[in-house]
Amino acid sequence: MNVIQAVKMYITKMTEESGPGMKVILMDKETTSIVSMVYSQSEILQKEVYLFERIDNLSKFDNMKHMKCIVYLRPTSENIALLSRELRCPKYGVYFIYFSNVISKADIKTLAECDEQEAVREVQEIFADYLAVDRHLFSFNIVGCLHGRSWNQQHLQRVSQGLLALLLSLKKRAIVRYEASSEPCARLAERVRDLLRRETVLIDNNIPFNGDVPPPQLLIIDRRDDPVTPLLNQWTYQAMVHELLTINNNRVSLAHLPDVHKDFKEVVLSSEQDEFYAKNLYSNFGEIGQTIKSLMEEFQRKAKSHQKVESIADMKNFVETYPLFKKMSGTVTKHVTVVGELSACVARHNLLEVSELEQEIACQSDHAKHLQRLKALIAKESVRDWDAARLVALYALRYEKHAGNALPALLELLRARGGGAGGECVRAPVLALEWGGAHARAADLFGLQDAVKITQRLFKGLKGVENIYTQHTPLLKDTIEDLIKGKLRENLYPTLGGDDSSYGRRPQDIIVFIVGGVTYEESLCVHQINQAYPGVKVVLGGTTIHNSTSFMEEIKSAMQGVHRTHTRHIRNV
């Protein structure tokens, strides 16, 4: 169950089936992202693809009949119209058309009628219709999938088609389970089930049936159950880069840094193409500093050996190793720049102190102490408005039912900070509470009701924590472990279609999808589960991958036009 491998396999198939010769690849905005996530430009050039064109851009080249055209598009009505226009006056010699999902017979007929010059050699469906971010992580890059707590219909269609493609690409006949208390999860589960039923023939032809192993499970859950994880500062490399600099389709923009070299205005962080990044994705910030130091030392040693070019043999050696040396030089510069900026952010905005309090509020209950420290941090000028607002949001969620709840007073302190974003920052904690408060959560997020969890917390408290900045574990970990052990309750997470025969059978392949987005902290948690349970493979996906800023956008979108009922008592917001 490797999503990067699944997408790569389809793209390799596309480039090879057209045979030898010069090729151009014609894509839309989404398929361009899908390809760029798994292949670097140099890798795709090796497959004789010399030109990348977008179907929505009118090409400046008129006649390129000597080139074969590989068309890779999502089967949307807009793309069909653009492709029809292309086929009426074909610029290229022959066309090999691949759709990233199921296409209707009517659309095929439309294309056939436009292909008067018979330039099309092949039309196929391949199921690379999602962004493969990591081997066990995928996303659809949709922020704000819900409007006023119900699905935006376009997004619902996009996600359900994407999940169908995921199951077909991984060759899994999954049973669908969903969170019973969440309306959006139920809607999505029904839509996926309908698609699976409609495409029975396709599934039977593509996926062998194996009755001996428990069926794979697709579990659809709601982000509202755990509003805490996306609000926390992160301290592992990948998650930290996303929180402080934002990763968008494996790319990080450093253009805002004052003296950054022009080659590093935008850097690519991909575990498939960057060995250093692959090894250190999940290292914590302290370890990264040490690793970068040893990388620098190794690089300096190689640079010194390159300076000694005295004989012909040295020259030959230099020419052979230079490309590797150049690549290493780029890797070193890239990571030193990124880590340097992370380090500057941490110092500039007092993030160590902020994060320590965040983790304590998320993991322990001590109202008086937390309130006192929170007020002190809000008063500090070096703490950003947004960090102060996040802390108040965490406090609001943790102490919602506490007798001494001081949320209105904290909101006044936020308002007194002033600043440009004053209003936004005061509204954020209230929106977070209205969206993800106790009334909205099916699970026991803070472990307040469950006797076992209370005991675990006590033991954890006695034992002390290894690292105060990473003591929080996402709720997702408990959910997946319950599912692996066959303990996930059927009344809370029913199977769609009521197939109870598999209940209690422990699944070996699990796909978890979070409506409302996932985080890199949860991706790390899934990585750890995959290592801890041999024989079990878990893949995680979400409508998008959040940092705290995009998560707040998600909440705003979901709360559009919704009247506050649970936070009505908080005035002047």
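**Two helices and a buried aspartate**

Let's start with helix 2, residues 29–38, where Thr31, Ser33, Ile34, Val35, Met37 and Val38 are buried. Keep in mind that this is a predicted model. What do the buried residues of helix 2 pack against? Their partners are helix 1 (3–17), helix 3 (41–45), and three strands: strand 1 (23–27), strand 3 (64–73) and strand 6 (131–134). Now look at where helix 2 starts: aspartate 28 puts a side-chain oxygen within 2.9 Å of the backbone nitrogen of glutamate 30.

Next up is helix 6, residues 153–170. Its start has a contact of its own, with a side-chain oxygen of asparagine 152 lying within 3.0 Å of the backbone nitrogen of glutamine 154. How far apart should the ends be? Helix 6 has 18 residues, so at 1.5 Å a residue the expected span is 26 Å, and the end C-alpha atoms are indeed 26 Å apart. As for its surroundings, 14 of those 18 residues are buried, so helix 6 is largely enclosed by the rest of the structure. Just after helix 6 comes lysine 171, with a positive phi near 55°.

Finally, zoom in on aspartate 115, which sits in the loop linking helix 5 (105–114) to strand 5 (120–125). Is aspartate 115 buried or exposed? It's buried, and yet it has no salt bridge. The nearest side chain of opposite charge belongs to arginine 121, 7.0 Å away; a salt bridge here would need a side-chain nitrogen within 4 Å of a carboxyl oxygen. Leaving aside residues up to four places away in sequence, what aspartate 115 does touch is Leu87 and Val120.

Terms used
Residues numbered from 1 in each chain as written. Predicted model: local features only at pLDDT ≥ 70, side-chain atom pairs only at ≥ 80, totals over all residues. Heavy atoms only, no water. Helix = DSSP H or I, 4+ residues; strand = E, 2+ residues; numbered from the N terminus. Buried < 20%, exposed > 50% of the residue type's maximum accessible area, 1.4 Å probe, protein only. Lys, Arg positive; Asp, Glu negative; His and termini not counted. Contact = heavy atoms within 4.5 Å. Expected span 1.5 Å × (residues − 1). Polar contact = N/O pair within 3.5 Å; in protein donor to acceptor, adjacent residues only side chain to side chain.
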